[in-house]
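Biologist: I have a model open and would like to understand the labels people put on it. Could you walk me through them, setting each value against its rule?

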Amino acid sequence: MTDTTTPETPMESTDESSGPDAGQPTHTGNRPRREVDVWRLLAWGALAICSLLAAFALVQLYGSVTEAIDLWVEPRHQPLMHAAFNLVVLLGSLIGISLLVRELN
């Protein structure tokens, strides 16, 4: 039997080592660079829309919980419940902010 396999040759790099885009890939996977840029912009747009929807839902939830406290909790205990709820929201926000600051650094 004869071995019909060919020896593997190293793949040539398509990156240019000089010029303004040195070290930048000209394309990712099978998509050209311009198409990748369009998908990246679409992803950022989708992130912005989802963030706005999440902020709106959070405001609505905050209002609903406040109304539920007013409805279910005896009037003399309502200030304590509102304070506790606001404290939980504040702590959650601070945790989110600290995680984002760590991620960005």
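Modeller: Gladly, starting with confidence: the mean pLDDT of the protein is 81, and 71% of its residues reach 70 or more, where pLDDT is the predictor's confidence in each residue, from 0 to 100. This is a predicted model, in which local features need pLDDT of at least 70, side-chain atom pairs count only at pLDDT 80 or more, and totals for chains, interfaces and linings use all residues. Residues are numbered from 1 along each chain as its sequence is written, and side-chain values use heavy atoms, with hydrogens and water left out.

Biologist: Where is confidence lowest, and where is it highest?

Modeller: Strand β1 (residues 27–28) is lowest at a mean of 54, and α2 is highest at 93. Where pLDDT is low, the predicted coordinates should not be read in detail.

Biologist: What makes something a helix or a strand here?

Modeller: Both are DSSP runs, numbered from the N terminus: H or I over at least four residues for a helix, E over at least two for a strand. The protein has two helices and two strands, in the order β-β-α-α from the N terminus. Helix α2 (residues 78–104) has 27 residues, so it passes the minimum of at least four.

Biologist: How do you know that the span of α2 is close to the expected one?

Modeller: The expected span is 1.5 Å times one less than the number of residues. For α2 that expectation is 39 Å, and the helix reaches 39 Å from its first C-alpha to its last.

Biologist: Why is Q78 called buried?

Modeller: Buried means under 20% relative accessible area, exposed over 50%, and partly exposed in between (1.4 Å probe, protein chains only). Q78 has 16% relative accessibility, so it counts as buried. H82 and F85 of α2 are buried too, and the cover over the buried residues of α2 includes α1 (33–72).

Biologist: Which residues does Q78 touch, leaving aside neighbours within four places in sequence?

Modeller: Q78 is in contact with I69, D70 and V73, contact meaning heavy atoms within 4.5 Å.

Biologist: What makes R76 and E74 a salt bridge?

Modeller: The rule asks for a side-chain nitrogen of Lys or Arg within 4 Å of a carboxyl oxygen of Asp or Glu. The closest N and O atoms of R76 and E74 are 3.0 Å apart, so the pair qualifies. R76 is exposed because its relative accessible area is 63%, whereas E74, at 43%, counts as partly exposed.
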